[in-house]
Amino acid sequence: MEKIISYPLSFLFGIVFFFWLLIFHPIQWLCLNLFGYKAHKKSVAILNWFLTRTTHILGTTYNFKGLKNVPKNVPLIIVSNHQSMYDIPPIIWFMRNWHPKFISKKELGKGIPSVSFNLRHGGSALIDRKDPKQALPAIKQVAEYINKNNYSVVIFPEGTRSKTGVPKQFSVNGLRILYENAPDAYFLPVTINNSWKLTKFGAFPLGLGSRVSHIVHKPFKISDYSFGEIFEKTQKSIVDSVKA
């Protein structure tokens with residue numbers, strides 16, 4: 001029954017979601033080219049407020065816990081499990097004060113209104129997962145960028161989304177590059193629960209009534225730990241709070 005009901009709601013959701021992407025593409029361009037970084041950042045945050053709220057059409061709700069754990073005016077490496085493409089708008093909106101950038105596959109850097117523009121011009125890293133010679137320097141560059149400006153970068157070390165919510169093995173390489181090139185940063189573990197239920201039927205129709213939660217855990221200062229220690233602590237914080 002849920003799947004049958006979801007067809008018209010998913011269709012409406014898709015129209016509204018794509019509408020916001022189309023509307024904010026020229027808005028982003030104008031903000032960046034006429035007013036600079038701060039205006040562009042604000043336009044991206046507002047876009048993602050709209051994208052997050054649009055999922056209410058599907059009965060989705062959000063609970064973002066632990067923002068009091070996030071240190072201010074320091075660079076952050078936000079490490080999170082990954083359950084769906086809808087993980088990203090809430091992170092951008094709720095963590096907007098920390099200037100989140102992303103490590104994303106290069107395919108997303110073209111062809112998607114608003115999304116591709118922000119990834120190309122907002123300070124994120126677009127990587128080719130099959131080409132370490134391209135990927136590792138790009139990650140190094142974004143690490144140095146956030147370290148210099150006290151921004152944050154979001155990385156999903158599972159690499160691909162978990163379709164059932166069960167975490168996949170975390171990859172070491174990207175995290176190690178960030179650790180080595182953002183020495184003033186903190187690793188900030190974030191656990192996402194239930195966003196996989198939005199895509200439990202696939203890309204269309206979408207799941208209804210998902211209770212999505214984000215749990216922000218205690219941060220770990222890079223200078224206080226070896227890479228092995230911080231990797232283990234970060235992964236444990238995230239995985240132990242996953243409710244699959």
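**Exercise 1. Which helices do the buried residues of α1 pack against?**

Solution. The model is predicted: local features need pLDDT of at least 70, side-chain atom pairs count only at pLDDT 80 or more, and totals for chains, interfaces and linings use all residues. Residues are numbered from 1 along each chain as its sequence is written, and side-chain values use heavy atoms, with hydrogens and water left out.

Step 1. Locate the helix. α1 covers residues 2–35. Helices are DSSP runs of H or I with at least four residues, strands are runs of E with at least two, and both are numbered from the N terminus.

Step 2. List its buried residues. They are Ser6, Ser10, Phe13, Phe17, Trp20, Leu21, Phe24, Gln28 and Cys31. Buried means under 20% relative accessible area, exposed over 50%, and partly exposed in between (1.4 Å probe, protein chains only).

Step 3. Recall helix geometry. An α-helix has 3.6 residues a turn, so residues three or four places apart point the same way.

Step 4. Find the partners. The buried residues of α1 pack against α2 (37–54) and α4 (115–121).

**Exercise 2. Find the length of α1, its kink and what follows the helix.**

Solution. Step 1. Take the span. The 34 residues of α1 reach 46 Å from first C-alpha to last, close to the 50 Å expected at 1.5 Å a residue. The expected span is 1.5 Å times one less than the number of residues.

Step 2. Look for a bend. A kink of about 35 degrees is centred on Pro8. The bend is the angle between axes fitted to the seven residues ending at a residue and the seven starting there.

Step 3. Move past the end. Gly36, just after α1, has a positive phi of about 95 degrees.

**Exercise 3. Place strand β6 among its partners.**

Solution. Step 1. Check cover. In β6 (residues 186–193), eight of eight residues are buried.

Step 2. Sort the side chains. In a regular strand they alternate between the two faces of the sheet. In β6, Tyr186, Leu188, Val190 and Ile192 point one way. Phe187, Pro189, Thr191 and Asn193 point the other way.

Step 3. Pair the strands (DSSP must find at least two bridges between them).

- β2 (residues 76–80) runs parallel to β6, with five bridges. Val79 stands opposite Pro189.
- β7 (residues 211–216) is antiparallel to β6, over four bridges. Ile192 faces His214 there.
- β8 (residues 220–221) is antiparallel to β6, with two bridges. Tyr186 has Lys221 as its bridge partner.

**Exercise 4. Describe the surroundings of Thr234.**

Solution. Step 1. Place the residue. Thr234 lies in helix α7 (residues 227–240).

Step 2. Check exposure. Thr234 is buried, at a relative accessible area of 2%.

Step 3. List contacts, meaning heavy atoms within 4.5 Å. Beyond its neighbours within four places in sequence, Thr234 touches Val79, Phe187, Pro189 and Phe220.

Step 4. Turn to helix α6 (residues 173–181). Its buried residues include Leu175, Ile177 and Leu178. Their cover includes β2, β6 and α7.

**Exercise 5. Judge the compactness of the whole chain.**

Solution. Step 1. Count elements. The chain has seven helices and eight strands.

Step 2. Compare radii. The radius of gyration is 17 Å, close to the 18 Å the globule rule gives for 244 residues, so the chain is as compact as a globular protein of that length. The radius is taken over C-alpha atoms, and the rule is 2.2 Å times the number of residues to the power 0.38.

Step 3. Add burial. Buried residues make up 50% of the 244.
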